[in-house]
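Hi everyone, thanks for making the time this morning. I'd like to walk you through one structure, so let's bring it up on the screen.

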Amino acid sequence: MTVQPDIAWLSDPQTFAINRLEAYSDHVAYPDLESAREAKGNAFRQSLNGSWQFKLAGRPGERPEGFHAEAFDATGWGTIEVPGYMQLQGYGANQYVNTQYPWDGVEHLRPPQVPEANLVGSYRRMFAFRKLDTTGRVVLTFDGVETAFYVWLNGSFVGYSEDSFTPAHFDVTELMRDGENLLAVEVFQRSSASWIEDQDFWRLTGIFRDVWIEQQPKLHLKDLFVKTDLSDDFSSATLHLDMALLAQTDGVVDVVLYDGTGSEVASMADLGVEPKMDLCLSIDAPALWSAEAPTLYGLIITLKYAEGPVAEVVTQRVGFRRFELIDKVMTLNGKRIIFNGINRHDFDARRGRAVTYEQMLWDVKFFKQHNINAVRTSHYPNQSVFYDLCDEYGLYLIDEANLESHGSWQKDGACDPEWVVPGDRPEWRDCVLDRARSMLERDKNHPSILIWSCGNESYGGKNIFDMSEFYRQRDPSRLVHYEGIVWDRSYNGTSDMESHMYTKPQDVEAYLKDDPQKPFVLCEYMHAMGNSCGGMHLYTDLVDKYELYQGGFIWDYIDQAISGGDGEDDHRLAYGGDFGDRPSDYEFCADGIVTAWRELTPKVQEVKGLYQPYVLTPQTSPQKTGVSIRNKNLFVSSAGLALVYWVLKDGEEIFKGEASSVVAAGATEFVALDLPHMNGVGEYVLQCSLVLAEATIWADADHEVAFGEAVFKGTGKQEAGEGAELAQPATLKLIHGDLNFGVETDRFKSLFSMVFGGISSIKASGLEFIRRPPRLTFWRAMVDNDRGRHQGFEMAQWQTASLYHKRIGYDVGEIDGDPTISYRFALPNLPVEPTVTYRVGQDGLIHVEAHYPGAENLPNLPIFGMQFTMDSQFDRFRFYGFGPQENYCDRMRGARLGIYEKSVRENVPAYLVPQESGNHMGVRWVEMLNADGAGLCFMAEETPFEFGALPWGTMELESALRIEELPPIYRSVVTIAARQMGVGGDDSWGAPVHEPYRIASDEAMTLKFSLSPVGV
């Protein structure tokens, strides 16, 4: 009996697939060996991507009835590109929400009800087809459609499917005809599936992955399950091939396995074809697969007709590896594994989740180049090609089922599972099990996948437990992950590991100390929203302390922001709410370590540094001069790397060398280095780096893998001539005015204002270096994490103090013959009186000392320092401190000491929302310069300071919601700080900066530095 389409299916969770074939592996069949080896020109497959006719309806009742009929007149319809999204091609509006459902407050619904406001896209495509003589079955495949769709071919109904992120296969053998064919698809934005696709992403709609037709020959490999059983000592393996065949005629099967050099390892020939076949091949001394050494074998399966010709050839890459729990520890090939991981959404600023091969390849190379070894496919299966790339390049994967119902049980952070789905509700069981099955069956042959995930943030219950049991029964070679049991322990066995999100490092440690029964991972940690990732080392440091701590996955990889310009000259980006979308979660879509344009942010510097697989510890004691190298890899030595090292004196390179070393996996070796004598006066830095000796598929030669440095003072005496330029005291001329105090030297003129409470002028060679008198600063423009923890509410006194402190007195005097002027300040409603003292020295410098005396019972300070305003012509700087990218007291493990140059505009990272940025720790000196190299030098005295230079002031950054809202650049704002609090990053909705990186208000602080014009 022919099934007729019914719109009621949309609101029935038990109807999720009509006429859809059972899921099967993502192997590819080719008509002959040559095309299989080249993976090109596959005559079996025909792409239906491209331009389709399209009509959008705002509600189901408005959709064009009968559009699937061949006689239907589609004159006047628009066009749409497939793969692609409706909203990103001008049909319908973009909407971003995080946990809340997109219809919340617009329509009152409960599962499985479907909103009346439900976009419907009607697609039509004519295509030519010619059936091959050998074809036994024709299959139409949609690799991804959000969220529910009906299909017709040549006017006849084909089927219906939900689950946006796994393929829907339909047998259309009887409906296809030689010549022209009409394919019609009706895509609905909302269905009952929308209740369990409540991921933190843009709610987009359309046919967003490939559409294609495959002609399967009469002898066809329908499904393949590759299993690699390794002996306990890993010296041998058995390759199991579970195969399901379409066998409409007699034939034979040949199987050959090749190693990476193309040499045959094992084979079987002329096996009679059966619908089900289970083959075994024995392998001696298999080369094992890991992310460090992703060794792949080539499997070729050839199906031949009884009369001799080849029916099809299937190629499959095989990785031999064993992943298992040993004494509660997750191990790969017998070794404890650490996930230096990240969460990855499919995303592009213009294409949304319809990402291209080139973008996926870029992502994989980026992960390899920055020491990221693991990816969680948050929160849905990715395209098959992404898994192919992870197999080849070497990345560990948590493959996550398309399941998230966050909004059904968590309301503004509070757990309220009154109407949670899927829970224990029997009507939702089959659909979630189908999602698990569809993912596993497609992806099961990828060695990169170590863990199956039951989905994300969907509370608990029996249905999700049944998903986990399905994984275990169908594929015992992998473990099962599910974080939701943290909220509902009724089925604690759902997850093979204790998985948490955003748990504080001290709480992670408490779990690890309390007789843990499962290994611990953070499936999400380090919420990388805006200027974040502070304190990440508090997590990575746990790796060496606790065996059952096995790493985590940063949230997340890429900002989900949509292009507001052309993406070429105009890089404006839009976030939630910018399209009139309500409800919306606004800029919360931007929490990646790269921007939506795949530009690296400074957070990457820290991630790469903390995830590096080698620890380099330079040593410069008289007894031991060299570098200790600890190889944290499990399987590979440092043989492919070169050790290079530099010596800097006061930031300038004075020596460079190279040494040879091979450190075995898991070993630590000391490598002696040939270093010059470092006995002059000054600061020396020994820096060591391990770089690729030769290019790999993921990086060029000389790419740095790991880095370490040591800083020490020279032990020698000052040599003759050093400091000679300061031997003659400068002549000082003092001018005492009524409201100003002037001091002139032979190099510059300076003026100090009694009224404005600071230095108002430094002039040299006709240039004025002070635009406005500097001001004390106690406030920084809040970063996203500050806003999320309501720092403005808690610390508002310090913002007021920065804006409105006033001079309450001054004293003009002298110290050792140098004129001084000291200012006292009052802070509004705060019982503390900071001071700033200027001394114009005979050494030709203006010495500045800002002092905060401390006060009890006040909130912590965001920052203590001084802000200087200079003219916009001083738009570049050169400094000696930690760089090259911005760094903060809780995010500087990836930074290194050196002399760096940058423009002020370049010092503003591409964070989606303007905020505090551009800071550098440990600055010894900095020069603010114009195009001619003239400017003002700030030099640390006694201890280095923190430094930042931006084109905008604190309050301009504070009040802007996007870069375009900032005023035109007309000044450079320089911040010299004694201390600034860390940026934090445990989460972005309440987690405080960790205690060592806060600034207690009762702590006295003194900032000392000097000023001098340069280049004049």
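**A walk through the model**

Let's begin with Asp412, which counts as exposed because its relative accessibility is 81%, and the cut-off for exposed is over 50%. Please keep in mind as we go that this is a predicted model.

Where does Asp412 sit? You'll find Asp412 in the loop that runs between strand 30 (410-411) and strand 31 (414-415). What caught my eye is the backbone: phi of Asp412 is near 55°, a positive value in a residue other than glycine. As a bit of background, most residues other than glycine have a negative phi, and most peptide bonds are trans.

Asn19 also has a positive phi, near 65°, and is a residue other than glycine. Look for Asn19 in the loop between strand 1 (17-18) and strand 2 (28-30). Asn19 has a relative accessibility of 43%, so Asn19 counts as partly exposed.

Now for the peptide bonds. Which kind of bond links Pro111 to Pro112, cis or trans? That peptide bond is cis, with omega near 0°. Pro112 belongs to the loop between strand 6 (96-97) and strand 7 (120-129).

There is also a cis peptide bond from Glu146 to Thr147, and there omega is near -5°. Thr147 is in the loop between strand 9 (145-146) and strand 10 (148-153).

Let's turn to a pair of helices. Two packed helices are described by the angle between their axes and the distance between the axes. Here, the axes of helix 4 (residues 429-443) and helix 5 (residues 462-474) come within 9 Å, and they cross at roughly 30°. That angle makes helix 4 roughly parallel to helix 5, because angles under 35 degrees count as roughly parallel. The crossing of these two, helix 4 and helix 5, is right-handed.

Who makes the contact? On the helix 4 side we have Arg429, Val432, Leu433, Ala436, Arg437, Met439, Leu440 and Glu441. Helix 5 brings Asn463, Asp466, Met467, Phe470, Tyr471 and Arg474. If you sort the residues of this contact by character, eight are nonpolar, one is polar and five are charged.

On to the sheets. Take the open one with three strands: the order is 39-40-43, and the pairing is antiparallel. Why is one side of strand 39 (614-621) and of strand 43 (668-672) left without a neighbour in the sheet? Both stand at the edges, each with a single partner strand, so one side of each has no neighbour there. On average, neighbouring strands of this sheet are turned by 20° against each other, direction ignored.

Zooming in on this sheet, strand 40 (residues 624-631) and strand 43 run antiparallel and are joined by five bridges. If you want a residue to click on, try Val627, which stands opposite Val671 in strand 43.

One more sheet before coffee. How many strands form the open sheet with the order 46-47-48-49-50? Five strands form that sheet, and the pairing is antiparallel. At its edges are strand 46 (733-736) and strand 50 (767-768), each pairing on one side only. Inside the order, strand 48 (residues 749-753) and strand 49 (residues 758-764) run antiparallel, with five bridges joining them. Ser753 has Gly758 in strand 49 as its bridge partner.

That's my tour, folks. Thanks for listening, and I'm happy to go back to any part of it.

Key. Residues numbered from 1 in each chain as written. Predicted model: local features only at pLDDT ≥ 70, side-chain atom pairs only at ≥ 80, totals over all residues. Heavy atoms only, no water. Axes fitted to C-alpha atoms, helices over the stretch in contact; angles between N-to-C directions. Helix = DSSP H or I, 4+ residues; strand = E, 2+ residues; numbered from the N terminus. Parallel < 35°, antiparallel > 145°, perpendicular 65-115°, else oblique. Left-handed = near helix turned anticlockwise from the far one by under 90°. Contact = heavy atoms within 4.5 Å. Nonpolar A, V, L, I, M, F, W, Y, C, P; charged D, E, K, R; others polar. Pairing = 2+ DSSP bridges. Buried < 20%, exposed > 50% of the residue type's maximum accessible area, 1.4 Å probe, protein only.
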